[in-house]
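Grab a pencil and open the structure viewer. Let's work through a few exercises together, one step at a time.

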Amino acid sequence: MPQHGPDFYNLPNSSIKGLTPLQSHVFGTKFGGASDPSKVLTQNISDLPSPFLLPDMDESIRILQTAVKENRSILLYGDRDSDGVCSTSLLANFLRGIHPGKLTVKTSSEEDYGLCEPAMKYVREVKPDLLVTLDFGTSNSSEIEELNKEGMQVIVLDHHEIPERIPSSCKLISPKRGDSLYPTEKICTSVISWKLITAWLYSTLENYNSLVWVPDGETFFSGSLVKNGIKLFQGDKSDAEKRFSGSFIDWPTTSKTQYPEREVFYSQISSSPAIWEQVLKNLDLASIGTITDMMPLVGENRIIVKEGCYTLQKIKTGEFSHRPGLEKLFSQLDLDKKKVLSRDLGWSIGPALNAAGRMQKTEAALGLLLSNSDKEAESLATDLLKLNEERRERTKRNLFRVEGFLKRKRERTERPILFCYEPDFEPGVSGIVATRLVEQYKRPVVFIAPDHGHAKGSVRAYGRENVLNLLKKAENVFHQFGGHKEAGGFSLSIDQIPKLAEILFQEAGSWLESENITGLQEETKSLVSLRPQELRENLYTELGLFEPFGMENPAPLLSIKGARILSYRPLSDGKHARFKILASSESIQCIIWNKAEEFSQVLREKGELDLWGSLEENTFKGKTNLQFVIQSFE
């Protein structure tokens with residue numbers, strides 16, 4: 001059952017300078033009472049780790065630079081989803097400016113994930129000197145070894161889970177490698193692509209590979225030795241000179257930060273205005289990939305999305321013109337003109353880019369992001385939004401069919417996991433459908449649809465359980481499988497689906513137990529509880545301090561006690577509804593999605609309801625209004 005948080009009117013005065021009582025309460029709840037909110041809330045790019053901490057980064061840049069210098073052929077091959085398309089487009093746009101002649105760019109479409117048989121056939125037809133895979137490749141050791149024997153060099157940019165055997169005959173840039181020095185595992189491939197470009201740009205600076213001594217002011221000789229944004233040594237300078245050969249560059253100021261190496265790296269790269277502008281501009285696609293691939297919006301990812309939204313706003317207003325496709329997409333989407341929020345990436349821009357891959361027309365999204373022509377970009381943006389509408393309709397059809405499938409046999413909704421397959425399910429949207437079912441049934445979901453003679457499916461976690469551990473129990477059934485702990489995908493023969501169901505049903509209980517999942521129901525508690533008259537616009541402004549919102553940093557959950565409902569208006573045949581709350585002052589529009597039938601039934605029986613939800617801005621026909629989105633009620 002949902003619970004109320006502390007009463008808004010009883011919040012103590014702020015104990016943190018510069019914050020309101022509400023902001024102070026949110027900060028203490030979200031960030032564990034850190035003493036200085038400025039260190040958390042004002043973090044920027046200079047607080048990010050050096051890209052050279054990622055394994056094989058240095059070597060990959062040298063291989064790419066050699067390929068460009070020697071005019072060798074390069075094939076960039078990315079995955080079909082938004083992260084794959086964004087990461088591929090980032091690197092393609094960068095290389096196109098310096099190596100246009102022998103660059104081929106492709107993203108997967110109808111074929112299975114990774115270097116499957118059709119993908120290998122395509123690579124062999126192109127026969128590049130250098131293959132760069134983006135958002136796949138970690139699990140393709142044998143295929144990469146084959147390509148090496150045929151004379152191709154391979155670089156892999158990927159962030160998926162590391163299998164027991166990883167490719168040894170290529171360069172693998174992955175934050176999840178066991179030997180990685182990079183402090184964050186959960187970054188998407190679009191961010192890895194952005195970091196590779198940033199490292200390349202840094203390598204063109206005069207101070208590249210220089211040894212920089214940064215005094216810390218503790219004693220006259222103490223400090224840190226830094227190279228390419230990596231701290232090599234901390235202690236006395238004379239000891240550093242004995243251990244490291246070469247002349248030291250003395251940094252002109254002392255550093256009081258925990259990471260002087262980051263301070264030096266970003267100070268050096270931002271000293272070149274032309275290079276720094278490229279670093280900032282490429283945050284657009286890095287931020288979209290982060291949101292659409294459901295990366296946690298804490299720490300590094302929070303910084304990237306926050307800064308990326310600034311870049312996207314400049315694209316929207318025409319201040320930046322490096323991505324005509326995004327500018328035209330913005331112009332056709334009904335979004336707030338004043339700002340770009342993480343919600344726009346997750347609910348408007350990202351789904352449009354993802355739709356191309358889901359509908360087996362990934363070239364539409366790739367073409368949009370690579371387009372240099374306003375006219376072409378306008379046409380591609382229109383095509384992409386049409387594909388997204390087709391994707392919505394396909395999702396609706398599948399949800400309607402799966403509802404009937406689940407109702408026909410009661411036991412289908414009583415097992416620890418939901419397993420859904422019927423021959424008339426449509427392909428391409430299994431991940432979306434699985435996610436919707438997780439939200440509705442509060443348990444892990446496996447959804448499978450036939451696809452070009454075999455079947456493809458998605459699995460989604462409900463909580464913190466690792467769904468890949470469940471798939472491993474049936475690995476002999478799959479053609480292939482992979483993904484993240486929270487979300488996985490697989491393909492298999494249609495005749496193997498009953499066998500898969502048998503294994504998963506047999507293993508689901510022990511799997512959940514081993515993952516320390518004690519129950520399927522979650523308890524919802526609001527951050528703060530309001531009286532109806534306290535639901536005002538100033539709350540939204542105060543809470544905006546904690547943007548961007550997303551995975552692991554959701555929009556703060558508010559609750560309202562004793563709400564009286566006015567102007568109730570059903571939508572979509574009663575599936576959704578809009579209404580207002582009786583209050584003594586301004587009245588904020590409320591909306592409930594997918595639960596309106598149950599809501600209206602309870603409303604008929606009770607005069608007042610307790611509501612749980614979050615505040616967000618909604619833009620329709622160019623007009624932006626605030627609305628309270630209901631998640632639970634009692």
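Below are three exercises with worked solutions.

Before you start: this is a predicted model, in which local features need pLDDT of at least 70 and side-chain atom pairs count only at pLDDT 80 or more, while totals for chains, interfaces and linings use all residues. Residues are numbered from 1 along each chain as its sequence is written, and side-chain values use heavy atoms, with hydrogens and water left out.

**Exercise 1. Work out how helices H4 and H11 are arranged**.

Step 1: Find the helices, H4 at residues 82–96 and H11 at residues 283–292. Helices (H or I, at least four residues) and strands (E, at least two) are DSSP runs, numbered from the N terminus.

Step 2: Their axes come within 8 Å and cross at roughly 165 degrees. Axes are lines fitted to C-alpha atoms, for helices over the stretch in contact, and angles run from 0 to 180 degrees between N-to-C directions.

Step 3: H4 and H11 are therefore roughly antiparallel (the label for angles over 145 degrees).

Step 4: Look for contacts (heavy atoms within 4.5 Å). Ser-82, Asp-83, Cys-86, Ser-89 and Leu-90 of H4 touch residues of H11, including Leu-285 and Ile-288.

**Exercise 2. Decide whether the residues of strand E1 are buried or exposed**.

Step 1: Use the cut-offs: buried is under 20% relative accessible area, exposed is over 50%, and partly exposed is in between (1.4 Å probe, protein chains only).

Step 2: Go through E1, residues 74–78: five of its five residues are buried.

Step 3: Sort them by direction. Ile-74, Leu-76 and Gly-78 point one way, Leu-75 and Tyr-77 the other.

Step 4: Now check the partner. E1 runs parallel to strand E2 (residues 103–107), joined by five bridges, and Ile-74 sits opposite Leu-103. Strands pair if DSSP finds at least two bridges between them.

**Exercise 3. Which strands stand at the edges of the sheet, E10-E11-E12-E14-E13**?

Step 1: Read the order: this is an open sheet of five strands with mixed pairing.

Step 2: E10 (418–421) and E13 (480–483) are the edge strands, each with a single partner strand, so one side of each has no neighbour in the sheet.

Step 3: Follow E13 to E14 (residues 487–492): they pair in the antiparallel sense over four bridges, with Phe-481 opposite Phe-490.

Step 4: Add the helices. H16 (residues 374–408) packs on the sheet and touches E10 and E11. H17 (residues 430–441) lies across E10, E11 and E12, at about 40 degrees to E12.

Technical notes. Parallel < 35°, antiparallel > 145°, perpendicular 65-115°, else oblique.
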